[in-house]
Amino acid sequence: MHGIDELKERASKVRNKKAALGPDINLDEFEKALVPHQYLADEDLCALPEDEQQRLVMAGLDLTKKERSGTFFQKDTTVVHCDTKQEDIQVMPIRRALEEHEWIREYYWKLVQVDMDKYTAAAELDLHDGYVIRALPGSKSIYPIQACLYLDKEGLQQTVHNIIIAEEGSELHIITGCSTSPHLKRGVHVGISEFFVKKNAKLSFTMIHNWAEDMLVRPRSVARVEAGGLFLNNYICMKPVRSIQMYPVTHLMGEDSVTRFYSIIVGSPGSEYDVGGRIFLKKPGCRAEIITRAISNGGKIIARGHLIGEQPGIKAHLECRGLILNGGTIQAIPELEGHVEGVEMSHEAAVGKIAQEEISYLMSRGLSEDEATSTIVRGFLSVDIPGLPAQLKAEIDRTIEASDKDVM
Amino acid sequence: MLLIEDLKVEVGDKVILTRIDLEIGMGETHMLFGPNGSGKTSLLMTIMGYPQYKVTKGKIFFKGVDITDLPINERAGLGIGISYQRPPTINGLKIRQMIQICAGDEAEVEDLARRVNFVDFLERDVNAGFSGGEIKRSELLQLMAQAPDLMLFDEPESGVDLENIALVGKTIASLLQKDGDPLEGEQKSKMQLKRERTKMGLIITHTGYILDYVTADKGQVLYDGKLSCISNPREILTCVGESGYEECVRCMA
Ligand SMILES: Nc1ncnc2c1ncn2[C@@H]1O[C@H](COP(=O)(O)OP(=O)(O)OP(=O)(O)O)[C@@H](O)[C@H]1O
Ligand SMILES: [Mg+2]
């Protein structure tokens, strides 16, 4: 098949091409061979070792599956669980999709460029697996679909490719957690994600990262939103990681399409985060918002944001607030690009510390200094996300609550 | 009981208060008058324990405990509370959560809020975009939940419209046990009420409107960083109204 060979060829040419941003990773140092794992039945999920369960729950996984409409679980290179409770929402491993469904070729590598850098090349040449989640036209996920990418094998390069499709008029909510087993120290995660939000569809994608101190993470994702579509992209990373670099892009292709990026990042010592969002507003009536809350506890955080307005009557806003609690750096890099008259674009960025006045205020209501500080930090991190189901909002709040001690 | 002895307070290198002596007995309410910038807010913040107001001389006792060097929250724990003139905004913290913090969790939040017309604000961030009058009601609501024994009110009625001023006045009166316990059916005599009263208040006011709702035992005038006279609060108001603070402080001294 011509198309497939061509992808491989393009990827091969950039095997060693460094990424535009972030420290370079020597991928040769990591193993890529398949790591077999047993498929887990429902009851096996709940029988996983206690400490492993804890890591998974922290990453947003509901092991009982009670409040989830579907589940995808990949351990290292192998899919260990995959099913769906709703007939109108498909969940399947991407390898199977590539073998069995011709239609997947209309989506595979259609948004992310396979020859962008060595990481996209690796995703084509060393693909392990990944998920395809597709909500059929007019369907609505009763509960969120959950997807988990889990690393267990020391020194592994996990390479996945995900495709998410919200067909016309559908409503799809996904929570995806990336995590590592309690003993794992070092590894690489390369993940391609391509999002297709069709006419009047609504997609929310909430990603919780729970990596390990020596993990290197290079996600590459692009979304395409058609007329009247809504794409909510939430990102939460409150645990240490060696280095993560990602710059997800959204193309608002249709009139009145909307996207919102919300990111919550807590930077631990020794961790480096270079994260951002880039949004192209290509039709009148498009709306975009990028909101970031960053806390540094000694980590290095670069928060980028880039809005490109190409048509009159678009509206876009970028907001980054950073708190430096215990050293480290926060660098906010907001960029606005208006290409025609009649665009409305703005940004605000602020980096600072907690105001003593706020701490004193809460202390005069009876809280100790530490309690007051954590109350303010929790407030700082809690952003209202319009359109997010209450259940996912609760999931985010729980993550924030649970990592209180990492924040202070 | 609050007892302040020969207090001197500095902010940065600037002396803001000097030779302050003040005694508020059990069940007493005092009014605090004084021109803009005379140090009224500073005195309240010093009693509450704000670290930027450095006590360089003198002592503060509350309930017999020397609190001069205690942190703010320990003073709150002993029963001191304040309604601020200009409290800060706390993003992401809802009024509902704040009330629970004040009450130490088990609060009938809705019931309390209803009493100051504040139910609609429970899901708003603390003080975010509140109007002047709304801030006052929010502060009173927090004090209601906290129920301290000594309450410091910093201009509780300024910026409050005519309709709400009655609400604010009556709420303060009730906080300070001026109206008896409405739940106890029997009517008590004024003397009896006064004897049983334990709550103490120190209220800053420019206008004295609050006196229509809250009777005060004493009035104090802070002038140029010093407490310059103690008298009947109505008399002080009249005097200041007729001849200004400077004249008033001189004639009454
Ligand atoms: N943190 C500070 N730094 C510098 N000066 C201060 C500080 N706090 C208070 N002051 C000064 O101390 C003086 C007393 O201020 P304070 O706020 O106590 O006055 P006030 O009597 O409450 O006035 P108003 O009636 O206007 O509220 C003022 O001159 C003020 O500028
Ligand atoms: Mg004042």
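Let's start at ligand 1: 15 residues surround it, and Gly37(B), Gly39(B), Lys40(B), Thr41(B) and Ser42(B) are the ones that come nearest. Keep in mind as you look around that this is a predicted model.

What holds the eye here is a set of short polar distances. The backbone of Gly37(B) offers a polar atom 2.8 Å from an oxygen of ligand 1. Lys40(B) reaches in with its side chain, where an N or O atom sits 2.7 Å from a ligand oxygen. The side chain of Thr41(B) also has an N or O atom 2.7 Å from an oxygen of ligand 1. On its own, ligand 1 would expose 640 Å², and the protein buries 65% of that. Two elements of chain B, β2 (14-24) and α1, each give two or more residues to the shell around the ligand. Helix α1(B) supplies the largest share, with 3 residues. Sorted by class, the shell has 8 polar, 4 nonpolar and 3 charged residues.

Thr41(B) has another job for us as a signpost, as it leads to the magnesium ion. Which atoms coordinate this ion, ligand 2? They are OG1 of Thr41(B) and OE1 of Gln85(B), at 1.9 to 2.4 Å. Thr41(B) belongs to helix α1 (residues 40-48) of chain B, while Gln85(B) sits in the loop between β6 (80-83) and β7 (90-94) of that chain, so the pair ties together parts that are 44 residues apart in sequence. The two also fall into separate accessibility classes: Thr41(B), at 26% relative accessibility, counts as partly exposed, whereas Gln85(B), at 19%, counts as buried.

Just before that loop, have a look at strand β6 of chain B, where you'll find Ile82(B). Is Ile82(B) buried or exposed? With 1% relative accessibility, Ile82(B) counts as buried. Measuring C-alpha to C-alpha, Ile82(B) is 20 Å in space from Leu7(B), and the two are 75 residues apart in sequence.

Now for the sheet in chain B. Four strands make up an open sheet, in the order β2-β1-β4-β5, with antiparallel pairing. β2 and β5 (65-66) of chain B stand at the edges with a single partner strand each, so one side of each has no neighbour in the sheet. As for how such a thing is put together, strands of a sheet pair through backbone hydrogen bonds, either parallel or antiparallel.

Go along the sheet from the β2(B) edge. Strand β1 (residues 2-11) of chain B pairs with β2(B) in the antiparallel sense, over 7 bridges. One spot to check is Leu3(B), whose bridge partner in β2(B) is Glu23(B). The hairpin these strands form has 2 residues between them, and Gly12(B) takes a positive phi near 60° there. β1(B) also pairs with strand β4 (residues 54-62) of chain B, antiparallel and over 7 bridges. Here Lys8(B) stands opposite Lys57(B) of β4(B).

Finally, hop over to chain A and find helix α5 (residues 118-125). How many of its 8 residues are buried? The count is 7, so to speak a mostly covered helix. The buried ones are Lys118(A), Tyr119(A), Thr120(A), Ala121(A), Ala122(A), Ala123(A) and Glu124(A). At the N-terminal end of α5(A), Asp117(A) acts as a cap, with a side-chain oxygen 3.0 Å from the backbone nitrogen of Tyr119(A).

Key: Residues are numbered from 1 along each chain as its sequence is written. Chains are lettered from A and ligands numbered from 1 in the order in which they are written. This is a predicted model: local features need pLDDT of at least 70, side-chain atom pairs count only at pLDDT 80 or more; totals for chains, interfaces and linings use all residues. Side-chain values use heavy atoms; hydrogens and water are left out. Donors are N, O and S atoms within 2.8 Å of the metal (3.2 Å for Na, K and Ca); water is not among the atoms, so sites may look incomplete. Buried means under 20% relative accessible area, exposed over 50%, partly exposed in between (1.4 Å probe, protein chains only). A residue is near a molecule or strand if one of its heavy atoms lies within 4 Å of it. A polar contact is a pair of N or O atoms within 3.5 Å; within protein, one must be able to donate a hydrogen and the other to accept it, and residues adjacent in sequence count only if both atoms are side-chain atoms. Accessible areas come from the Shrake-Rupley method with a 1.4 Å probe; for residues, only the protein chains shown count as cover. Ala, Val, Leu, Ile, Met, Phe, Trp, Tyr, Cys and Pro count as nonpolar, Asp, Glu, Lys and Arg as charged, and the others, Gly among them, as polar. Two strands pair if DSSP finds at least two bridges between them.
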